[in-house]
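Visitor: I would like to go through this model by way of its contacts, strands and helices. Please keep the reasoning short and end each reply on the item asked for.

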Amino acid sequence: MGVKIKVLPDTVINQIAAGEVVERPASVVRELVDNAVDAGATDIFVALESGGHSRIRVRDNGCGMARDEAVLAFERHATSKVSSIEDLTHLGTLGFRGEALASIAAVSKVKLTTRTRESDVGVQVTMRGGKLVNVQSIAWNEGTEIEIEHLFFNTPARRKFLKSPRAEVSRIRSWLAHSSLARPSIRYRLVSDGDEVLNLSAVDSRIERGKQIFPPELMPLSLDEGGIHVEGMVGHPGQALSDSSGLVIVINGRLVSDKIIVRAVREGYDSMLKDREFPIGYIVVDLPAEDVDVNVHPQKSEVRFRRSDQVFAVVRGAVLSAIRSIRKPMSTEPLSLPPVASPHIPVQPATGLRADRYVASPAPEFGRLAALSDVEEVRPVSAPSISDTVARQPSFFSSTDLVPGAGRRAFRFSDLRYVGQILECYLVCELEERLVVVDMHAAHERVNYNKIRTARAEHKLRVQKLLIPEVVRLTSEQVTHLMEQRELLGELAFEVSEVDHERVAVSGVPSVLSHINCTALLKDCAAEPVSAGWRERLEERIDHIAARLACHASVRSGDLLSRHEVYALFSELDEAELSGACPHGRPVVTEFSREAVESWFGRDR
């Protein structure tokens, strides 16, 4: 017997459509807030009961709707934002499909109350399971309030898959905070079971909004190029997470996920992020509406760019420019980081700081650190792990950073008063009643890496011939891996040739780091096979090897530095870009406030 084709009833059609738009209470809030923004609201209030399972209420002071419009709004594909197919290429609104209210009403009990400025009286429309129950006039202020009760009451199979109320509140709070980055002139409030959990006042700029949500120690970025405007804030590579949940992306006012932007941000960090590390922060991109397609996902959570290569280049350039300013010490003050976005409560600055308490010892004449003996690889400074307890993650910026108009001094390594070397690797210093610790290996690694890159960029990376070629013994597999990278090594002024299936000969090394231990470096490079597509990512791979080269050329744990060598290193760090992080993204310098040190010994009690 053949399958009979039939037209589905409207109730089933609406519930299927609702499944594409409404997944959970957070989906409802997103749709209703988007509509409030489109209505010109400057104040949006969201109230939840039981995480939105029992009730969701969204109120705004926007333009409101007339009586006929309020009823028509619950029809599928009823919208005031699109009139023709051409409108889809120039969308400037958030909720344009006309599906939100119809989809929400199909799986809940809805009460919409609204009034326009021109009306003397408001209107209230009540819906139940997609059916119109009542329409009545009511006294009301200008704007709209939508109350959703018992989400999925008529689809119990979907209701049982809802997350816990606490999880929903967290998701809604995070989404509201992140989406507010697009429109800082709007006030956003969220109340859960009578408790206010979010209150973001209207501010003048996205950067100011970002400081309400993210740690203020993040680095601001801004770039305009080719009709594309990028702004935002990004964190130190040492704050990186194991996934992209801490990176917020807003495209033309929409909170979205986008692989192109994520990749551009990661590449902007150069070599300082590992393969599975992602920075924290937010990126806002504005470009002509016709250059971005927002109609590629039912929930409008993804976009497609017409000029994706150009967008990628501008975002990468903006991030790269921002992180070049990293030079400040890591502070041990705790932060609250994404993905749980919350208003930042400023930490009160330490009291009693006196800039003249210590006078930094004079730095000796600038000079290069001598090559020291090769010992075991140094381990980075131990830092708090980043997990669910992200609030313990330290800040990488101190109160001594240069703040325009604030009269504070910019951090300089040469201003440190060097005290001594501990644990064979760390340089202990003082600065304005703070304990400052420098990882000497990470610091020297940054200096050497910058020298290599600068010399290569200026075509000054010369080969220094070895009087007697150095023969390095490897396994046959390692020889194969190394010979695959011969072209890359040549870009860094290495001359390497194959002697036989278990040996290679080094006849030339980069003159800028002529004292390097070739055996250790080549074994390091040979241990890792070249991944597919490296020719397309030639610069990335060369930077990767340059970072290894800098590591092997740097002082190691166990090397003892003289005071002269310490201050020579500090002088070089002051001249170096990105001197606050090594090429692998680890912090170079950290600090502890006097209060923190005194708390170790109970003097704060």
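Visitor: Is D291 buried or exposed?
Guide: The model is a predicted one, and the state of D291 is judged from its computed accessibility. Buried means under 20% relative accessible area. D291 has 3% relative accessibility, so the residue counts as buried.

Visitor: Which residue forms a salt bridge with D291?
Guide: D291 lies in the loop between β13 (281-286) and β14 (292-293), and its partner lies in the loop between β15 (304-305) and α9 (308-323), so the pair ties together parts that are 15 residues apart in sequence. The partner has 58% relative accessibility and counts as exposed. The closest N and O atoms are 2.3 Å apart, and the partner of D291 is R306.

Visitor: What is the distance between the closest N and O atoms of E231 and R206?
Guide: E231 is in strand β10 (residues 228-234) and R206 is in helix α7 (residues 206-213), 25 residues apart. E231 counts as buried at 14% relative accessibility, and R206 is buried with a relative accessible area of 14%. They form a salt bridge in which the closest N and O atoms are separated by 3.0 Å.

Visitor: Which residue forms a salt bridge with D524?
Guide: D524 is partly exposed, with a relative accessible area of 27%. Its partner lies in helix α14 (residues 538-552) while D524 lies in helix α13, so the salt bridge ties together parts that are 24 residues apart in sequence. The partner counts as buried at 15% relative accessibility. With the closest N and O atoms 2.5 Å apart, the residue paired with D524 is R548.

Visitor: How many salt bridges does the count come to?
Guide: Side chains of opposite charge can pair when their charged atoms come close. Some of these residues join into a network of salt bridges, namely E49, R55, E147 and E149. The count of salt bridges comes to 34.

Visitor: What is the angle at which α11 and α13 pack?
Guide: Q478, H481 and L482 in α11 meet L522, C525 and A526 in α13. The axes of α11 and α13 are 8 Å apart, and the packing angle is about 90°. That makes α11 roughly perpendicular to α13, the angle being about 90°.

Visitor: What is the order of the strands in the open sheet of 3 strands?
Guide: The pairing in this sheet is antiparallel. β20 (463-473) and β21 (495-500) stand at the edges with a single partner strand each, so one side of each is left without a neighbour in the sheet. Neighbouring strands are turned by 20° against each other on average, direction ignored. The order is β20-β22-β21.

Visitor: Which strands of this sheet does helix α11 touch?
Guide: β21 pairs with strand β22 (residues 503-510) in the antiparallel sense over 5 bridges, and E498 stands opposite V504 in β22. Helix α11 (residues 476-484) packs on the sheet, its direction making about 150° with that of β21. Helix α13 (residues 518-526) lies across β20 and β22, at about 65° to β20. The strands touched by α11 are β21 and β22.

Visitor: How many residues of strand β11 are buried?
Guide: L247, I249 and I251 point one way from β11, V248 and V250 point the other way, and all are buried. Strand β11 (residues 247-251) is therefore largely enclosed by the rest of the structure, the buried count being 5 of the 5 residues.

Visitor: Which residue in the hairpin of β11 and β12 takes a positive phi?
Guide: β11 is joined to strand β12 (residues 254-256) by 3 bridges in the antiparallel sense, and V250 stands opposite L255 in β12. β11 also pairs with β13, in the parallel sense over 5 bridges. The hairpin has 2 residues between the strands, and the residue with a positive phi near 45° is N252.

Visitor: Which helix gives the largest share of the largest nonpolar core?
Guide: The largest nonpolar core has 56 residues, and those with the most contacts inside it are V33, I44, V46, I148 and L176. The largest share, 7 residues, comes from residues 25-38, helix α2.

Notes: Residues are numbered from 1 along each chain as its sequence is written. This is a predicted model: local features need pLDDT of at least 70, side-chain atom pairs count only at pLDDT 80 or more; totals for chains, interfaces and linings use all residues. Side-chain values use heavy atoms; hydrogens and water are left out. Two strands pair if DSSP finds at least two bridges between them. Helices (H or I, at least four residues) and strands (E, at least two) are DSSP runs, numbered from the N terminus. Axes are lines fitted to C-alpha atoms, for helices over the stretch in contact, and angles run from 0 to 180 degrees between N-to-C directions. Contact means heavy atoms within 4.5 Å. A nonpolar core is a set of buried Ala, Val, Leu, Ile, Met, Phe, Trp, Tyr and Cys residues joined through side-chain atoms within 4.5 Å. Buried means under 20% relative accessible area, exposed over 50%, partly exposed in between (1.4 Å probe, protein chains only). A salt bridge is a side-chain nitrogen of Lys or Arg within 4 Å of a carboxyl oxygen of Asp or Glu. Angles under 35 degrees count as roughly parallel, over 145 as roughly antiparallel, 65 to 115 as roughly perpendicular and the rest as oblique.
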